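Please open the model in a viewer and keep the sequence beside it. This tour proceeds from one selection to the next and describes what is found at each stop.

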Amino acid sequence: MQSRRMMVLRAVVEDYIRSQEPVGSAALAKHHQLGVSSATIRNDMSALEEEGYLIQPHTSAGRIPTEKGYRYFVDGLAAVIPLSEPQRRAIRNFLSGSVSLQDTLQRSARLLASITGQVALVAAPALSRASVRRIELVQVSMSMLLAVVITDTGSVAQHMLQISDVNAEELSQSIATINKLCVGLSLREAARTLRTISTTIASAHIRNLLRSLVDALEDMHIGEHTHDLYMAGASQLAHRQTMSDFASLFDALEEQAVIMRLMTAMSEEASDCASGVSVAIGSETHNPGLLHASVVTSGYGYDPDASTDSADFTSSNVGSGNAGSGNADAVYVDSVKAAFINNIDNQLMNESSSQADVSTQESNIDRTHRQNMPVAFIGSIGPQHMDYVATMAAVKAVARYLNAFIAQNR
């Protein structure tokens with residue numbers, strides 16, 4: 001496309017986003033320094049219409065962008081304009097009072113919805129992309145244990161295990177050994193490790209306990225549908241837009257599993273984008289309910305050694321309500337190891353060491369892959385005429401805060 005036509009298209013998109021009224025050539029000549037007459041601009045707009053970037057809703061009206069026009073505009077953004085320091089400070093102040101991961105995610109959704117005036121969605125961290133911080137086994141009856149898995153992202157998963165004839169001493173030794181072997185591994189890596197060493201255990205009771213825990217960890221790894229999705233802003237978007245235009249959007253939002261798959265895939269794409277955000281417009285979402293909408297998404301929770309996205313939100317500014325509990329958890333993990341390290345079954349550890357070495361290379365590959373992938377997404381859904389510059393900046397800024405929050409808890 002010729003550079004002047006690109007400038008005309010950009011001007012049309014900017015004016016339509018601002019006014020939501022068809023844009024005419026005279027208005028462009030008056031409000032933009034395009035250096036040509038309105039007649040020349042009108043010819044450029046006609047050419048843009050023929051090429052599918054603009055449409056004319058009525059014969060005597062101006063033009064409005066098409067999906068193709070919005071895509072060209074978004075792709076032409078050289079970079080996401082960063083928020084100002086007062087804006088970043090406002091984000092820190094709003095979110096720093098959070099008392100838990102869930103509270104932080106809820107606040108993030110409300111904040112993003114408030115900034116954009118659109119629907120904001122924040123997913124809880126995916127268990128499949130987290131590492132084990134601690135595993136606890138709590139006996140709830142003679143034949144049942146509650147397995148509690150706490151991850152480095154702050155997520156907690158629970159699963160009931162059926163057992164038989166495991167006494168308190170065996171259970172304590174098993175907990176110590178499990179944490180010694182599994183802390184820092186993904187759920188899949190932990191399951192693989194425990195499955196391998198279970199074959200070396202002489203005690204049938206402990207062997208069955210480990211196999212039950214392996215099944216539980218694998219279920220947690222696979223069970224992505226159980227993750228929470230925090231949503232805000234639907235009502236305010238409804239008040240700002242014509243309901244008939246967005247009835248299909250609200251229907252689509254009811255299909256949370258579909259939305260989560262879309263935005264998870266987009267967050268993975270965003271991790272490879274220079275801007276750090278991914279944008280899907282209309283038909284690009286492959287969802288009929290989002291045909292007249294756009295989705296802006298970013299991932300969060302990158303490994304702190306593999307990403308610098310949290311540069312604007314240092315640990316001294318993040319999650320003051322949670323910082324103490326994160327440190328306490330780390331101390332608790334160390335105390336558990338110290339208390340039980342001398343009681344670890346030597347046979348189990350010695351026989352498992354050679355077995356564990358076999359899977360080290362596979363584990364390192366899995367860990368490297370996990371470090372470069374987001375643990376969850378944050379995003380905004382709104383009309384195609386949304387303010388893309390502001391929405392992309394807001395999504396990226398809140399994602400960076402969540403990045404710093406997760407990194408601090410790690």
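A residue is called buried when its relative accessible area is under 20%, exposed when that value is over 50%, and partly exposed in between. The model is a predicted one.

**First stop: a salt bridge at helix H3**

Select Arg63. Its relative accessibility is 10%, so Arg63 counts as buried. Now add Glu49: the two side chains meet in a salt bridge, with 3.1 Å from N to O. Glu49 belongs to helix H3, whereas Arg63 is in the loop between S1 and strand S2 (64-65), so that the bridge links distant parts of the chain, 14 residues apart. Unlike Arg63, which is buried, Glu49 is partly exposed, because its relative accessible area is 28%.

**Second stop: the aromatic rings**

How many aromatic pairs are there? The count comes to 2 aromatic pairs. Select Tyr53 and Tyr72 to see an edge-to-face pair, with 5.8 Å centre to centre and 80 degrees between the planes. Tyr53 is in the loop between helix H3 (38-50) and strand S1 (54-55), and Tyr72 is in helix H4 (residues 67-75); the pair thus links distant parts of the chain, 19 residues apart. Tyr53 is buried, at a relative accessible area of 12%, while Tyr72 is partly exposed, at 27%.

Next select Tyr70 and Tyr388. These form a tilted aromatic pair, with 5.8 Å centre to centre and 45 degrees between the planes. Tyr70 lies in helix H4 and Tyr388 in helix H16 (residues 388-409), so this pair ties together parts that are 318 residues apart in sequence. Both Tyr70 and Tyr388 are buried.

**Third stop: charges over rings**

Return to Tyr53 and add Lys68. The charged end of Lys68 sits over the ring of Tyr53, 4.5 Å from the ring centre. Then select Phe94 together with Arg107: Arg107 lies over the face of Phe94, at 5.9 Å from the ring centre.

**Fourth stop: further salt bridges**

How many salt bridges does the model contain? The count comes to 15 salt bridges. One of them joins Glu284 and Arg71, whose closest N and O atoms are 2.7 Å apart. This pair links distant parts of the chain: Glu284 is in the loop between strand S8 (278-281) and strand S9 (293-300), and Arg71 is in helix H4, 213 residues apart. Is Arg71 buried or exposed? Arg71 has 19% relative accessibility and therefore counts as buried, whereas Glu284, at 29%, counts as partly exposed.

Select Arg4, Arg5, Asp44 and Glu51 together; these residues are linked in a network of salt bridges.

**Fifth stop: strand S4**

Select Glu136, which lies in strand S4 (residues 132-141). Its relative accessible area is 16%, and Glu136 is therefore buried. Add Arg134: the side chains of Arg134 and Glu136 meet in a salt bridge, at 3.2 Å from N to O. Arg134 is buried as well as Glu136.

**Last stop: a nonpolar surface patch**

Finally, select Val138, Val140 and Met160. They form a nonpolar patch on the surface, with about 240 Å² of accessible area together. Met160 is found in strand S6 (residues 156-162). With 40% relative accessibility, Met160 counts as partly exposed.

Definitions and conventions: Residues numbered from 1 in each chain as written. Predicted model: local features only at pLDDT ≥ 70, side-chain atom pairs only at ≥ 80, totals over all residues. Heavy atoms only, no water. Patch = residues over 30% accessible without salt bridge, like charges linked within 9 Å, V, L, I, M, F, W, Y side chains within 5 Å. Areas by Shrake-Rupley, 256 points an atom, 1.4 Å probe, with all protein chains shown as cover. Salt bridge = Lys/Arg side-chain N within 4 Å of Asp/Glu carboxyl O. Helix = DSSP H or I, 4+ residues; strand = E, 2+ residues; numbered from the N terminus. Buried < 20%, exposed > 50% of the residue type's maximum accessible area, 1.4 Å probe, protein only. Phe/Tyr/Trp six-rings, centres within 6.5 Å; stacked < 30°, edge-to-face > 60°. Lys NZ or Arg CZ within 6 Å of the ring centre and 35° of its normal.
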